[in-house]
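Please work through the exercises below with the sequence and the structure in view, trying each task before reading its solution.

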Amino acid sequence: MRNLNNVPKIISESKSIGHAIDFKWTKKKINQLLDPLEGNEELENILLQINHKGSVGLTAALLEWVYWRFTGYSHSVNDTQKRIEALWCSINNREQTNPLLFDTDLKVSASGSVNGALWIALMNVRMIDVRYRKGSYFLQHELVGLVLLARHITPKKKKFDNWFNQVITELVHSHPCPYRNDELDETDEAVYDSSHEPVICREFFFDSEFKYSVEASENAIHNFIDNLDIKANPFLNFSRKAS
């Protein structure tokens, strides 16, 4: 899985590719996705159990569900693909990626079932990226909305549920969160250094044959990066050296 040109089997099985845009996109649903923490405490608590690099890997995988769902429906997916690439690179070395800036003036609304859903997805990813770069202890909170959105737009939700439940179970064991959320300073001023955490790769989420180990993940993510067109992605900056 050296690039994003190949559709993961589970996403294909979920009928996401080319399926009619038939999911509900009402003001109520938009508001639920924009303010997802209330009523989703169980999901939030599960996400709090994984560490930062595991969370960013899950972010990239969820964004890929969104990417494939809207391929052919919007030109914005090309930009989305570059953001997915940057997320994987940031797991390896975030110093060699640029911030995932997106609609900084909030000029675009979340209306419209395609562009609106993409807007919510990319805004969630932007906030996760901000917290990851900052070293926020509350990074995982931002994942809730992205999980709910990816599930909502997926035609065969049972396929998504089975995938998500399996991935979370594996993440809790391989990339557990090293701190307790209920002991944190709510001002969000403390900084967590995730540089010591083991990397995670795309295969972890989408290749049923992949056997996780730190070495296998490092090899896979380096292979992925080696196959990127670095100059074509504005979110990558490999002229920077690791700090």
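The exercises go from the whole chain to one pair of helices.

This is a predicted model, in which local features need pLDDT of at least 70, side-chain atom pairs count only at pLDDT 80 or more, and totals for chains, interfaces and linings use all residues. Residues are numbered from 1 along each chain as its sequence is written, and side-chain values use heavy atoms, with hydrogens and water left out.

**Exercise 1.** Describe the secondary structure and the compactness of the protein chain.

*Solution.* Begin with the elements, which are DSSP runs numbered from the N terminus (helices are H or I, at least four residues; strands are E, at least two). The protein chain has ten helices and zero strands. Its radius of gyration, taken over C-alpha atoms, is 17 Å, close to the 18 Å that the globule rule (2.2 Å times the number of residues to the power 0.38) gives for 243 residues, so the chain is as compact as a globular protein of that length. Finally, the C-alpha trace spans about 45 × 40 × 35 Å along its principal axes.

**Exercise 2.** Work out how helix 7 and helix 8 meet.

*Solution.* First take the axes, which are lines fitted to C-alpha atoms over the stretch in contact, with angles running from 0 to 180 degrees between N-to-C directions. Those of helix 7 (residues 143-153) and helix 8 (residues 157-174) come within 8 Å and cross at roughly 145°. Next list the contacts (heavy atoms within 4.5 Å): Val147, Ala150, Arg151 and His152 in helix 7 meet Lys157, Phe160, Asp161 and Phe164 in helix 8. These residues divide into four nonpolar, one polar and three charged.

Conventions. Ala, Val, Leu, Ile, Met, Phe, Trp, Tyr, Cys and Pro count as nonpolar, Asp, Glu, Lys and Arg as charged, and the others, Gly among them, as polar.
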